[in-house]
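Student: I've got a model open and I keep tripping over the vocabulary. Can we go through some of the terms together?

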Amino acid sequence: MFVSKDNYMFEMIRTELADAVGADFVNTGDSDKFGHSIDYYWIPEMWHDRGMPTPKPDFVVHPGSAEEVAKVMKIANQYKIPVVTWGGGSGSQGGALPIAGGIILDTKRMNRVLAIDEESLTVTAETGIIMRQLEWAVNKRGYSTMHLPASIACATIGGFLAHRGTGVLSTKWGKIEDMVMSLEVVTPTGEIINTLPVPRHASGPDLTMMFLGSEGTLGVITKVCLKIHPKPEERQFRAYLFKDFHTAMSAGADLMRSRLRPCAVRLYDETETLTHVKKVFGIDIGSGAYLVFGFDGNKDIVELQMKYAREIMEGKYKGTDLGSKGGDLWWKNKYKFFYPGYMFHLPQAFGTLDTVADFAHIEKVYWAMKKVVNEKFPKARFIGHFSHWYEWGCMLYARFIFEGRDVPQDPREAAALYNAVWDAAIRAAIENGGVINEHHGVGLKLGRYMKDLYKNSFPILEGIKNTLDPNHIMNPGKMGL
């Protein structure tokens, strides 16, 4: 039953929201609404650039506690008003766009570190805190979350929980879901619940994992308890150049199969090595595929692991040793790839086609995606690197880039071209053993592929959604729900 701004009922709803969170924290001004209408998804950026109207919320609400979130949710259910949770607004999938209007629930007032437990090595915080601030808070006590993503300076911890985010040290320390102990969640109907206090148990299904990655469609995560770790005594990196991508991938996979514990592994294909890596580093490292890895922890253990890793790289795969300097270059510049001067931006059209597969399929996924983009979209450039490695496989961070001259000026034509690339590439990934995304989430961009990926099990997700959110007000239109 939502009503327009010109209707008296609009003022009645605003009054109720102000009563719930305070009048200063309910905004309906044009600048507030516009600021919450564009994230880092290319289509809304392009849409605005072409002078088209962006989808805006009717209210921007800034709750200060889980109790205030619960009050807002009860109001929203009463009037069947859409609600979209907003953290840092840095998502690339359109997951926080208010495409149905309604309420944007901006969580950044909920930014407190609540407790640091030095016996269990955990930190408890509200989910509106920017990740960098949380990391600094535990650093002061000699610890780290070990969750260090490229968006650490602008994204909230809640955003990472909502999208199953990954940091640069995930190979050893895990993705965000591996770091979570427990959650506090406000359900769509306004109840405050807590998941079980430990992540390992045989006490029935794990509700924590159900809410992680749900992208605001099943509730609002308001508090998290995370593992923390002592800062490592030593962290060493080393890099190698291999003659081709296949050899480098084989070497990286063998490193993981050895069950050594690298904290990070990155592999760049020949194209990205020659272009993007060379530009960011400011030096010519040569032609081939660039592979970098590192170890952290006790100094003696780090050096022993590095010794065995070098035997794999040099003895078996004949990689050209770029030394610790070649590895340190990556660590020093790891975020530089995503900042002005090096990042892709308008008028270019670009997208990150990230997926993940086991070692038996990951090369097939890479070649299939590369082939379909190159053949169907010859004006696009396809590059790829492999960012996050696991015992069983790794993640492909593939990208396509159109130069501005090759992007239609008509916004509808530009959007159609953009979506056509995604259709071809993501379907190629699924057909060859990949999934539709590894750590950026689904959002609006990829929701149409969810039924293709989940097939006969998708109705189970729909059933969970229908039970928890009977009025379908939570982030409508996202994740295919």
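Tutor: Sure. Let's start with pairing: two strands pair if DSSP finds at least two bridges between them. Keep in mind that this is a predicted model.

Student: What makes E3 and E4 a pair?

Tutor: Four bridges join strand E3 (residues 83-86) to E4, and the two run parallel. The definition asks for at least two bridges, so they count as paired. As an example of who faces whom, Thr 85 stands opposite Leu 105 in E4.

Student: And how do you know that E2 pairs with E4?

Tutor: Strand E2 (residues 59-61) shares three bridges with E4, in the parallel sense. With at least two needed, that is a pair too. Here Phe 59 has Ile 103 as its bridge partner in E4.

Student: Which way do the side chains of E4 point?

Tutor: Ile 103 and Leu 105 go one way, Ile 104 and Asp 106 the other, and all are buried. That fits the usual picture, because in a regular strand the side chains alternate between the two faces of the sheet.

Student: There's also a five-stranded sheet. Why are E5 and E9 called edge strands?

Tutor: The order is E5-E6-E10-E8-E9, in an open sheet with antiparallel pairing. Strand E5 (113-117) and strand E9 (192-194) each have a single partner strand, so one side of each has no neighbour in the sheet. From one strand to the next, the twist averages 15 degrees.

Student: What makes E5 and E6 partners?

Tutor: Four bridges join E5 to strand E6 (residues 122-126), and they run antiparallel. At least two would do, so they pair. One of the matches is Asp 117 with Thr 122.

Student: Now the helices. Why is H14 called roughly antiparallel to H15?

Tutor: The axes of helix H14 (residues 362-376) and H15 cross at roughly 155 degrees, coming within 8 Å. Angles over 145 count as roughly antiparallel, so the label applies. The crossing itself is right-handed.

Student: Which residues meet there?

Tutor: On the H14 side they include Val 365, Met 369 and Lys 376, and on the H15 side they include Val 421 and Ala 425.

Student: Last one: what is in the largest nonpolar core?

Tutor: That core has 71 residues, and Trp 42, Phe 293 and Met 369 are among those with the most contacts inside it. Helix H15 (residues 411-431) gives the most to this core, with 11 residues. A second, separate core has 46 residues, including Tyr 143 and Phe 337.

Methods. Residues are numbered from 1 along each chain as its sequence is written. This is a predicted model: local features need pLDDT of at least 70, side-chain atom pairs count only at pLDDT 80 or more; totals for chains, interfaces and linings use all residues. Side-chain values use heavy atoms; hydrogens and water are left out. A nonpolar core is a set of buried Ala, Val, Leu, Ile, Met, Phe, Trp, Tyr and Cys residues joined through side-chain atoms within 4.5 Å. Buried means under 20% relative accessible area, exposed over 50%, partly exposed in between (1.4 Å probe, protein chains only). Axes are lines fitted to C-alpha atoms, for helices over the stretch in contact, and angles run from 0 to 180 degrees between N-to-C directions. Angles under 35 degrees count as roughly parallel, over 145 as roughly antiparallel, 65 to 115 as roughly perpendicular and the rest as oblique. A crossing is left-handed if the near helix is turned anticlockwise from the far one by less than a right angle, and right-handed if clockwise. Contact means heavy atoms within 4.5 Å.
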